[in-house]
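Colleague: I am new to this structure. Can we go through the ligand site step by step?

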Amino acid sequence: MALAGVRVIELAGLAPAPFCGMILADFGARVIRIDRTKMAMTVDTQARGKQSVALNLKSPKGVAVLKKLCVQSDVVLEPYRKGVMEKMGLGPDDLLKENPRLIYARLTGYGQSGSYAKAAGHDINYLAMSGLLSMLGRSSEKPHAPMNLMADFAGGGLMCAFGIVLALLERSRSGQGQIIDVSMVEGAAYVGSFMWKSRSIGLWNHPRGENLLDGGAPFYDTYRTSDGKYVAVGAIEPQFYQQLLQGLDLDPADLPSQMSVSDWPKLRHTFTHVFATKTRAEWGQIFDGTDACVTPVLSQDEVVSHPHNRVRGSFLKDAQGEISPRPAPVLSRSPAEPSLSRDPFIGEHTHSVLQEYGFEKDQIEEFLSVVYVKKTRKKIF
Ligand SMILES: C[C@H](CCC[C@H](C)C(=O)SCCNC(=O)CCNC(=O)[C@H](O)C(C)(C)COP(=O)(O)OP(=O)(O)OC[C@H]1O[C@@H](n2cnc3c(N)ncnc32)[C@H](O)[C@@H]1OP(=O)(O)O)[C@H]1CC[C@H]2[C@@H]3[C@H](O)C[C@@H]4C[C@H](O)CC[C@]4(C)[C@H]3C[C@H](O)[C@]12C
């Protein structure tokens, strides 16, 4: 796999860093997650392929062990507030001094500088600061965050994984490691560059929810079908829009022009009425195989069995029977091979990892006082 041989120390975080660690593990890196010794249960639901070492970083010995693991690794991935690692003597200056090849990834909400750098926050806060949240939501409604997708994952974990791969590639030429400062505000905004770069063509001139791609256009929206399900319509180009009208059995001569913005509410009313006359499956029989850009809105449970996704194997089932997306993208010669085994228990690999990293038996025994908790995840809510 592309990242085979890369050794990563992931300090246990909430969601973005665990996602980054999972991506690296899926593509072959050896990811060792450093857990707290007092955690009964991990919140890392993205732990496939990782190992877990439990260390008390409030103890100097625990810090010393972590330092030795870090300086013998390629990547350190830390998800803490600015300054926490420095407080433990594990900041970039400390670790890069001992291992100049180390790639030190710092995944935070606001980055390592700026007045918010030490402030707590979560995805919605970072998305708000990125400028994108102000553009998300239905017309005349308040801004609405798309779950914690944009900052935690797109602009956070995935952006951090991208930065780590860039730094690994650069190190293959320079032999030098470096620090990666991942700000989820900036990562989310960067993912949304199109929203800034396309202002000049007027794509976002109207208020939230009234533009072509944010729910304003009736030919770029979702519609409820007679069985209470939904279809998604993305017929932007005129040639695809014509096929949409054909499938809906609507005569263009009876309708306003596609790009008549003032008529979009009327057009949406017509589409809403027509889509409500058939089931989602019936619309699928009409539109599948056409370029009308109409697709079923599939639930998390339906995606795995949809013929298109099934043929590609787009979703996998692990040894516990849990369905989740397969890694993306698919590399032709060195594809990801995600682990299908159960997630690690907290501290499960403390002994084997410390032994492998050259710790003496008595040192290891000391850290084995932590009996790892054989607990998988339980429902929180
Ligand atoms: C996980 C589910 C999804 C959450 C997603 C959410 C929407 C997000 O946006 S996550 C992104 C959060 N932001 C960042 O990651 C940016 C960078 N990080 C930070 O800014 C901060 O870490 C922080 C704000 C996130 C947290 O600050 P905090 O003060 O807690 O910590 P830090 O300042 O970073 O310092 C870390 C301290 O910890 C010490 N440490 C670290 N490792 C060790 C160790 N091995 N041993 C000892 N000590 C260690 C370190 O030294 C630092 O100490 P100091 O402070 O002294 O320096 C979650 C969605 C719902 C959640 C559940 C729900 O809330 C109910 C339960 C609540 C309960 O309290 C916890 C369990 C829950 C089930 C909870 C579980 C999950 O959180 C959820 C499922």
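Colleague: Which pocket does the ligand sit in?

Modeller: Keep in mind that this is a predicted model. To sit in a pocket, a molecule needs more than half of its atoms within 2 Å of the pocket's grid points. The ligand sits in the second largest pocket.

Colleague: Which elements give two or more residues to the shell around the ligand?

Modeller: Both helices and a strand are on the list. They are α3 (84-87), β5 (103-108) and α5 (123-130).

Colleague: How many residues surround the ligand, and how many of the shell are nonpolar?

Modeller: The ligand is surrounded by 29 residues, and R36, K58, R81, K87 and D123 are the closest. By class, the shell has 7 charged and 6 polar residues. Its nonpolar residues number 16.

Colleague: Which residue has a polar backbone atom 2.8 Å from an oxygen atom of the ligand?

Modeller: P79 offers a backbone N or O atom, but that one lies 2.9 Å from a nitrogen atom of the ligand. D152 uses an N or O atom of its side chain, 2.9 Å from a ligand oxygen. The backbone atom at 2.8 Å from a ligand oxygen belongs to D123.

Colleague: How much of the ligand does the protein bury?

Modeller: Taken alone, the ligand exposes 1,400 Å². Of that area, the protein buries 65%.

Colleague: Is R48 buried or exposed?

Modeller: R48 lies in the loop between β2 (30-35) and β3 (50-54). Its side chain makes a polar contact with the side chain of S324, at 3.2 Å. The relative accessible area of R48 is 10%, under the 20% cut-off, so R48 is buried.

Key. Residues are numbered from 1 along each chain as its sequence is written. This is a predicted model: local features need pLDDT of at least 70, side-chain atom pairs count only at pLDDT 80 or more; totals for chains, interfaces and linings use all residues. Side-chain values use heavy atoms; hydrogens and water are left out. A residue is near a molecule or strand if one of its heavy atoms lies within 4 Å of it. A polar contact is a pair of N or O atoms within 3.5 Å; within protein, one must be able to donate a hydrogen and the other to accept it, and residues adjacent in sequence count only if both atoms are side-chain atoms. Accessible areas come from the Shrake-Rupley method with a 1.4 Å probe; for residues, only the protein chains shown count as cover. On a 1 Å grid over the protein atoms alone, a cavity is a set of points where a 1.4 Å probe fits but cannot get out, and a pocket is an open set with protein on both sides within 12 Å along at least five of seven lines; lining residues have an atom within 4 Å of a point. Helices (H or I, at least four residues) and strands (E, at least two) are DSSP runs, numbered from the N terminus. Ala, Val, Leu, Ile, Met, Phe, Trp, Tyr, Cys and Pro count as nonpolar, Asp, Glu, Lys and Arg as charged, and the others, Gly among them, as polar. Buried means under 20% relative accessible area, exposed over 50%, partly exposed in between (1.4 Å probe, protein chains only).
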